[in-house]
Amino acid sequence: MSSRSKDKVVSTLRKIFKGDNERNGETFEGKTVDKSAAAASKTVNDSNAESPGKRMRRQENKIKPQQNGLKTVPDLNIRARRLMKEYKEIQKIQNSKKDPVFTVELINDNLYEWHVRLHIVDPDSKLAKDMVDMHIPFILLHLVFPDNFPFAPPFMRVVEPHIEKGYVMDGGAICMELLTPRGWASAYTVEALLMQFSASLVKGQGRIMKKNRNTKEFTRRGAEEAFRSLVKTHEKYGWVTPSLSDG
């Protein structure tokens with residue numbers, strides 16, 4: 001083979017090898033560098049340069065569950081603390097007075113379910129006269145506090161006696177906007193709720209019914225059904241709630 005032929009072969013081989021190097025890597029200062037190796041080296045260097053705190057936050061972000069669209073679980077401790085505080089304050093008040101307006105007690109030692117006895121209403125009202133004439137010492141109320149209290153209102157109903165008018169509905173349900181999520185505020189206390197109810201009884205001209213065979217007993221189920229129905233009605237047509245001064 002002549003020297004010219006050898007040069008052509010060498011030139012052709014160099015072109016072939018040069019093309020392979022350009023496909024698999026890159027030439028830098030006459031040397032071929034593997035791109036994949038360079039990328040791996042860069043990742044290791046970046047990882048080493050990253051601070052431990054930044055690296056930990058990056059890993060947490062990878063595994064952190066999405067919070068959007070999830071319902072917030074109510075803090076039951078808030079309900080317990082609030083009710084315990086109010087219960088103790090009411091106990092303190094009722095123990096300091098000879099004739100308290102109302103008294104409270106837990107049902108089966110359950111902090112979230114109360115019996116309230118309303119002993120005194122407006123003495124000039126017909127309802128107060130009914131209580132005296134019929135020897136009824138108090139109006140018994142049943143309160144149930146939901147998991148998200150005080151951010152949602154308690155459910156309250158009349159247990160006995162059987163009251164007509166006075167914003168007391170079938171089953172003993174009570175027609176008050178204050179007892180709905182729309183009318184309730186977390187700042188309201190049980191005491192304020194009871195005073196509002198007392199005012200509503202008088203404003204609505206409540207009277208105590210004499211028992212007869214046709215009188216339906218107040219029940220929790222009946223009260224819940226009646227309350228749901230009246231809420232739907234008032235959400236459509238609006239609410240009218242008497243002020244405390246009306247009582």
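**Arg207, helix α6 and the β3–β4–β5 strands**

Let me begin with Arg207, which lies in strand β8, a strand made up of residues 207-208. I should say at once that what we have here is a predicted model, and that everything I describe is computed from it.

How exposed is Arg207? Its relative accessibility comes out at 32%, and because buried would require a value under 20% and exposed a value over 50%, Arg207 counts as partly exposed. If we leave aside residues up to four places away in sequence, Arg207 touches Lys126, Leu127 and Asp130, and it also touches His162, Ile163 and Glu164. With one of these, Asp130, the contact is polar and runs from side chain to side chain, at 2.6 Å. Gly166 is worth mentioning as well, since it stands 41 residues from Arg207 in sequence, while the C-alpha atoms of the two are 7.2 Å apart in space.

Let me now step back along the chain to helix α6, which covers residues 190-203. From its first C-alpha to its last, this helix of 14 residues reaches 20 Å, which is close to the 20 Å expected at 1.5 Å a residue. Ten of those 14 residues are buried, so α6 is largely enclosed by the rest of the structure. Among the buried residues are Val190, Leu193, Leu194, Phe197, Leu201 and Val202, but the list also includes Gln196, Ser198 and Ser200. After the helix comes Gln205, whose phi is positive, near 55°.

A phi near 55° also turns up in the last part I want to show, where Asn108 takes a positive value in the hairpin of β3 and β4, a hairpin with two residues between its strands. Strand β3, residues 102-107, and strand β4, residues 110-118, run antiparallel and are joined by six bridges. Within that pairing, Glu105 has His115 of β4 as its bridge partner, and Leu106 stands opposite Trp114, also in β4.

What, then, does β4 pair with besides β3? Six bridges join β4 to strand β5, residues 139-144, and these two strands likewise run antiparallel. One pair to look for on the screen is Leu118 with its bridge partner Ile139 in β5.

To close where I started, the details I would ask you to inspect in the model are the polar contact between the side chains of Arg207 and Asp130, and the positive phi of Gln205 that follows α6.

Notes:
Residues numbered from 1 in each chain as written. Predicted model: local features only at pLDDT ≥ 70, side-chain atom pairs only at ≥ 80, totals over all residues. Heavy atoms only, no water. Pairing = 2+ DSSP bridges. Helix = DSSP H or I, 4+ residues; strand = E, 2+ residues; numbered from the N terminus. Buried < 20%, exposed > 50% of the residue type's maximum accessible area, 1.4 Å probe, protein only. Contact = heavy atoms within 4.5 Å. Polar contact = N/O pair within 3.5 Å; in protein donor to acceptor, adjacent residues only side chain to side chain. Expected span 1.5 Å × (residues − 1).
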